[in-house]
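Subject: Structure handover

Hello,

Here is the structure I promised to pass on. My notes on the ligand site and on the helix packing follow below.

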Amino acid sequence: MRETEQTAAQAYRETFGDQPELVASAPGRVNLIGEHTDYNGGFVLPCAIDRRIAVAVGAGGGGGFRTRLYSADFDETRHMDGKDSSWADYPRGVAWAMGEAGHEIGAFRAAFAGDVPLGSGLSSSAAIEAATALAFDAFFGLGIGRTDLAVICQRAENDYVGVASGIMDQYASLLCEAGAALLVDCRSLEASSVPLDLEAAGLSLVVCDTRVERGLADTGYNDRRATCERAASMLGVEELRDATEGDLDLLSGAEKKRARHVVSENARVLQAVRALENEDFDEFGRLMYASHASLRDDYEVSTPELDTFVEAAEEHGARGARLTGAGFGGCAIALVPEDKTAAFTNACEQAFEGRGFEKPAFYEFVPAAGADLAAGIEE
Ligand code: GLA
């Protein structure tokens with residue numbers, strides 16, 4: 001078992017005085033390219049990271065309000081009933097969405113533990129949803145497929161927690177494979193793994209957490225979605241996925257800029273997949289930089305901190321770099337020659353200091369496995 005899975009199992013034993021029956025865990029993600037395309041019916045290319053949230057589940061609990069959920073990270077117990085804007089809303093939302101989809105969730109008890117950085121845009125919420133969904137599926141013998149579980153998790157996030165988001169994060173957490181990125185067609189919901197052997201290419205995936213609160217993220221995100229819908233309806237297409245470069249001339253102002261990003265970004269994702277298939281990381285990196293410029297200039301979701309990181313990355317030898325996730329703060333990624341990562345992060349830190357920004361945090365991740373059930377539960 002992974003460390004987080006052991007921690008969840010141990011937390012279960014300590015809280016409920018009993019052995020859990022199963023442990024499931026699911027990863028956070030970074031998106032390599034394909035930003036703000038998922039809710040436009042377009043393409044995304046995320047990979048799972050080696051940071052996970054685990055849940056240990058067992059029988060008992062009585063069901064309903066009496067069902068207890070324990071979080072080792074927050075060291076607190078909450079009940080299944082009610083909604084309180086805490087971490088517990090995610091498992092509650094998954095149980096609710098499963099009920100809506102016609103699946104019966106009986107009595108259970110659960111303990112959670114994880115190491116996905118919270119609130120940084122690395123999809124800790126999708127990780128807890130995916131881990132819970134997979135655990136319920138196994139524990140109650142529901143037989144739901146991975147893609148349907150992802151849709152249930154998105155429903156939990158959209159309609160129970162109340163955060164508008166596309167399907168990318170839940171798909172990444174449930175369907176990614178180790179050593180690979182995941183190409184998702186967010187219209188057909190078809191997904192396929194694309195090999196991503198960074199080690200063979202001598203590259204490290206460096207993540208910079210700018211530590212900028214994504215305070216306006218919800219408003220900004222909803223505003224971008226609304227503008228895209230307006231642009232699509234002006235063009236008479238169902239979604240911006242259907243728009244072409246030529247259509248852009250029919251638009252103006254914000255609609256034109258947002259649509260230009262979506263149209264060009266969808267094309268970049270498909271080019272990026274071809275680059276990976278050819279192990280052409282120069283081309284892949286070029287597409288990452290182009291994606292960032294488009295998010296900065298056309299989609300206008302970057303921040304001075306994210307831009308500073310990407311500029312420093314370009315200056316200090318990264319093959320590619322871009323903001324990842326929704327933007328408005330949060331994280332950026334870079335592909336850096338593995339023998340240069342220490343010098344690279346130092347240089348980025350200095351760039352931040354020079355501009356009076358808060359000290360960023362750096363992580364190095366490897367493309368990891370999606371959600372799974374832990375093998376043996378030992379004392
Ligand atoms: C957030 C959402 C995703 C996606 C990205 C932007 O992470 O949860 O669905 O829209 O923003 O690409």
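A backbone N or O atom of His-36 sits 2.6 Å from an oxygen atom of the ligand. Please keep in mind that this is a predicted model, and that every figure in this message is computed from it.

Two side chains also approach oxygen atoms of the ligand. Asp-169 places a polar side-chain atom 2.6 Å from a ligand oxygen. For Tyr-221, a polar side-chain atom is likewise found 2.6 Å from an oxygen atom of the ligand. As for how much of the ligand is covered, on its own it has 300 Å² of accessible area, and the protein covers 92% of that.

The shell around the ligand draws on several stretches of the sequence. Residues around the ligand include Arg-29, Glu-35, His-36, Asp-38 and Tyr-39. Ser-165, Gly-166, Met-168 and Asp-169 also belong to the shell, as do Tyr-221, Gly-325 and Ala-326. By residue class, the shell divides into four nonpolar, four polar and four charged residues.

On to the helices, where I have notes on three pairs.

H2 and H4: helix H2 covers residues 89–100 and helix H4 covers residues 146–161. Their axes come within 8 Å and cross at roughly 115 degrees, so H2 is roughly perpendicular to H4, the range for that label being 65 to 115 degrees. The crossing of H2 and H4 is right-handed.

H3 and H4: helix H3, residues 124–139, packs against H4 at an angle of about 125 degrees. The axes of H3 and H4 are 9 Å apart. H3 is therefore oblique to H4. The crossing of H3 and H4 is right-handed.

H7 and H8: helix H7 runs over residues 253–277 and helix H8 over residues 281–297. These two pack at about 165 degrees, with their axes 9 Å apart. Because angles over 145 degrees count as roughly antiparallel, H7 is roughly antiparallel to H8. H7 passes H8 in a left-handed crossing.

When you open the file, the ligand site can be found from His-36, Asp-169 and Tyr-221, which are among the residues around the ligand. For the helix packing, H4 is a convenient place to begin, as it packs with H3 and its axis comes within 8 Å of that of H2.

Regards

Terms used
Residues are numbered from 1 along each chain as its sequence is written. This is a predicted model: local features need pLDDT of at least 70, side-chain atom pairs count only at pLDDT 80 or more; totals for chains, interfaces and linings use all residues. Side-chain values use heavy atoms; hydrogens and water are left out. A residue is near a molecule or strand if one of its heavy atoms lies within 4 Å of it. A polar contact is a pair of N or O atoms within 3.5 Å; within protein, one must be able to donate a hydrogen and the other to accept it, and residues adjacent in sequence count only if both atoms are side-chain atoms. Accessible areas come from the Shrake-Rupley method with a 1.4 Å probe; for residues, only the protein chains shown count as cover. Ala, Val, Leu, Ile, Met, Phe, Trp, Tyr, Cys and Pro count as nonpolar, Asp, Glu, Lys and Arg as charged, and the others, Gly among them, as polar. Axes are lines fitted to C-alpha atoms, for helices over the stretch in contact, and angles run from 0 to 180 degrees between N-to-C directions. Helices (H or I, at least four residues) and strands (E, at least two) are DSSP runs, numbered from the N terminus. Angles under 35 degrees count as roughly parallel, over 145 as roughly antiparallel, 65 to 115 as roughly perpendicular and the rest as oblique. A crossing is left-handed if the near helix is turned anticlockwise from the far one by less than a right angle, and right-handed if clockwise.
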